[in-house]
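The following report describes a predicted model. It takes up strand pairing, helix packing and the surroundings of the ligands in turn.

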Amino acid sequence: MKILLIGQGYVGTTMAVVLANAGHEVTGLDIDHDKIASLQKGKLYFYEPGVQKMLDKQLEANRLQFTTDARQAVVNNDILFITVGTPSLSNGNADLTYIKNAAKMIGQYKNKKKIIVVKSTVPVGTTEKVKDWVMEAGEDTAPVEVAMNPEFLREGNALQDALYPDRIVIGSHSDEALETIHQLYQQWNCPFIKTTPRGAEMIKYASNGFLATKISFINEIAMLCDKLEVNVRDVSKGMGLDKRIGPSFLEAGLGYGGSCFPKDIKEFLWTANTNQIPLSILSKVEQVNHHQPDYLLDKVKKQVGSLTGKNVAVLGLAFKPHTDDTRESVSIPIIQQLLEEKAIVTVHDPVVNLEANWIEKGVLQNNDPYQVIKESDAIIICTNWPQYEALDWKKVRKIVRHPAIFDGRNMLNAEQLSELRFHYEGIGYP
Ligand SMILES: NC(=O)c1ccc[n+]([C@@H]2O[C@H](COP(=O)([O-])OP(=O)(O)OC[C@H]3O[C@@H](n4cnc5c(N)ncnc54)[C@H](O)[C@@H]3O)[C@@H](O)[C@H]2O)c1
Ligand SMILES: O=c1ccn([C@@H]2O[C@H](COP(=O)(O)OP(=O)(O)O[C@H]3O[C@H](CO)[C@@H](O)[C@H](O)[C@H]3O)[C@@H](O)[C@H]2O)c(=O)[nH]1
């Protein structure tokens, strides 16, 4: 099938590569000339394990091309996926500007019947509106069929998630669209859920809401664990073995960040409030999450005292390991607060480079974690990169000024570090 993906960000590029790998003829379109120039040269412009290799293969097989020519891209393809961003407006509602622009662009250049598939995460009711936005934008009267096909991949694991999803959800009022999209995914061996566009939109928000709820739930339990001297990792394990609960998303720590959970939960709460059905559990989930950085910093101050002039080593900038994405990363409020308290902040991340505004504010970065840690009064772990577990902590013990580790991801071996006479604290992990 000839497929166009409009928007070549994390989702669009990953799906372009994966759909080409399934044998389809795929075009990736973006308005960002730099991104397209990079992809045309065969260079993935973001960090995502495995995607570069599959990109190389698909370009070589001539199944995949990238362009900024919207007219040609729309005219030459039959199935048009929308994979543009849906960021938050200041009131929490999703900003649909990019979706509307993509729909208008399709309408403007459409020359025959098209199937339009919204893959971006959009508020309930949006997919139905896309049809109107397309039809209003152009002269061509050939019909369009619209569908919603939410994406569930995680950054850092995008390729595996896209190749082997737990389910594929397709929402449409059109049998033809439902059948065509099912066909397109015929090589995928997973359950298919067919529903309405609103059903598909709601499944996406409810899924992210529930996963975030698991995280905030275990984070509250972790605070109680701190008080009662219980190891929250044992609690997560003990709970997770119950099949009705499941082991995933019960890792206590600094809470959730990233480009999805924070914005999607804000949007879901906005929609619920606007419809006078407030989601009270989810609003608490957001509050708990917001509090996590302060909770860890209070531990730091209790142990180290005033942070003025203290050397603080921050390990990890990315919102999770195996990605270079720092959108809504918890490292940001942590660094911000450390600067406000006049600490000297040095950071390390295996793949992320500090943005210029942080450097202007005096934050230092070093690619050698030992140099970051050297002479520190406190080490704060923000991202559970496996590299931090692999550090030679005996060596670290010799080079720090004050041996204190605050493990915001409960990733290190507490016993081993205590034996090395570190003051070690996790979250709910005594
Ligand atoms: N990142 C994830 O892990 C993830 C997972 C599942 C779902 N989603 C959802 O998928 C959507 C995309 O997310 P992302 O992280 O890939 O976003 P992104 O910001 O990385 O990429 C969006 C891309 O769309 C391009 N774009 C904007 N308007 C365009 C237009 N009119 N024509 C062509 N290109 C245009 C932008 O230049 C950008 O490259 C969002 O709705 C997000 O919530 C994201
Ligand atoms: O037990 C856990 C699991 C995750 N996190 C944090 O939660 C955030 C999100 O992690 P994750 O869900 O793995 O990454 P995302 O790429 O944000 O993926 C989420 O958001 C995507 C965009 O909607 C969805 O497609 C995915 O299904 C959904 O998992 C990160 O900050 C993690 O550190 C925890 O604190 N504890």
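## A helix across the sheet

In this predicted model, helix α12, which spans residues 280-304, lies across the strands β12 (378-381), β13 and β14, and runs at about 170 degrees to β13.

The sheet to which these strands belong is open and is formed by 6 strands in the order β11-β10-β9-β12-β13-β14, with parallel pairing. Its edges are occupied by β11 (364-365) and β14 (423-425), and because each of these has a single partner strand, one side of each is left without a neighbour in the sheet. At the β14 edge, strand β13 (residues 404-407) is joined to β14 by 3 bridges, the two strands running parallel, and here alanine 404 stands opposite histidine 423 of β14.

## Strand β2 and its partners

Strand β2 covers residues 25-29, and since 4 of its 5 residues are buried, it is largely enclosed by the rest of the structure. Strand β1 (residues 2-6) runs parallel to β2 and is joined to it by 5 bridges, with isoleucine 3 standing opposite valine 26 in β2. Between these two strands the chain passes through α1, and the resulting β-α-β crossover is right-handed.

β2 is also joined to strand β3 (residues 64-67), through 4 bridges and again in a parallel arrangement; within this pairing, glycine 28 has phenylalanine 66 of β3 as its bridge partner. In general, strands of a sheet pair through backbone hydrogen bonds, either parallel or antiparallel.

## The surroundings of ligand 1

Around ligand 1 there are 27 residues, of which Gly7, Gly9, Val11, Ser120 and Thr121 come nearest. The elements that contribute two or more residues to this shell are α1 (10-21) and α5 (97-109), and the largest share, 4 residues, comes from α5. Helix α1 thus appears in two settings, as an element of the shell around ligand 1 and as the helix through which the chain crosses from β1 to β2.

When the shell around ligand 1 is divided by class, it has 11 nonpolar, 11 polar and 5 charged residues.

## The surroundings of ligand 2

Ligand 2 is surrounded by 22 residues, and the closest of them are Glu155, Glu251, Tyr256, Gly258 and Cys260. Helices α9 (197-228) and α11 (261-274) each supply at least two residues of this shell, with α9 giving the most, namely 3 residues. By class, the shell around ligand 2 divides into 10 nonpolar, 6 polar and 6 charged residues.

Key
Residues are numbered from 1 along each chain as its sequence is written. Chains are lettered from A and ligands numbered from 1 in the order in which they are written. This is a predicted model: local features need pLDDT of at least 70, side-chain atom pairs count only at pLDDT 80 or more; totals for chains, interfaces and linings use all residues. A residue is near a molecule or strand if its C-beta atom, placed from the backbone, lies within 6 Å of it. Ala, Val, Leu, Ile, Met, Phe, Trp, Tyr, Cys and Pro count as nonpolar, Asp, Glu, Lys and Arg as charged, and the others, Gly among them, as polar. A residue is buried if 20 or more other C-beta atoms lie within 10 Å of its own, exposed if 12 or fewer, and partly exposed in between; C-beta atoms are placed from the backbone. Two strands pair if DSSP finds at least two bridges between them. A crossover is right-handed if, with the strands pointing away from the viewer, the path from the first strand over the helix to the second runs clockwise. Two residues are in contact if their C-beta atoms, placed from the backbone, lie within 7 Å. Axes are lines fitted to C-alpha atoms, for helices over the stretch in contact, and angles run from 0 to 180 degrees between N-to-C directions.
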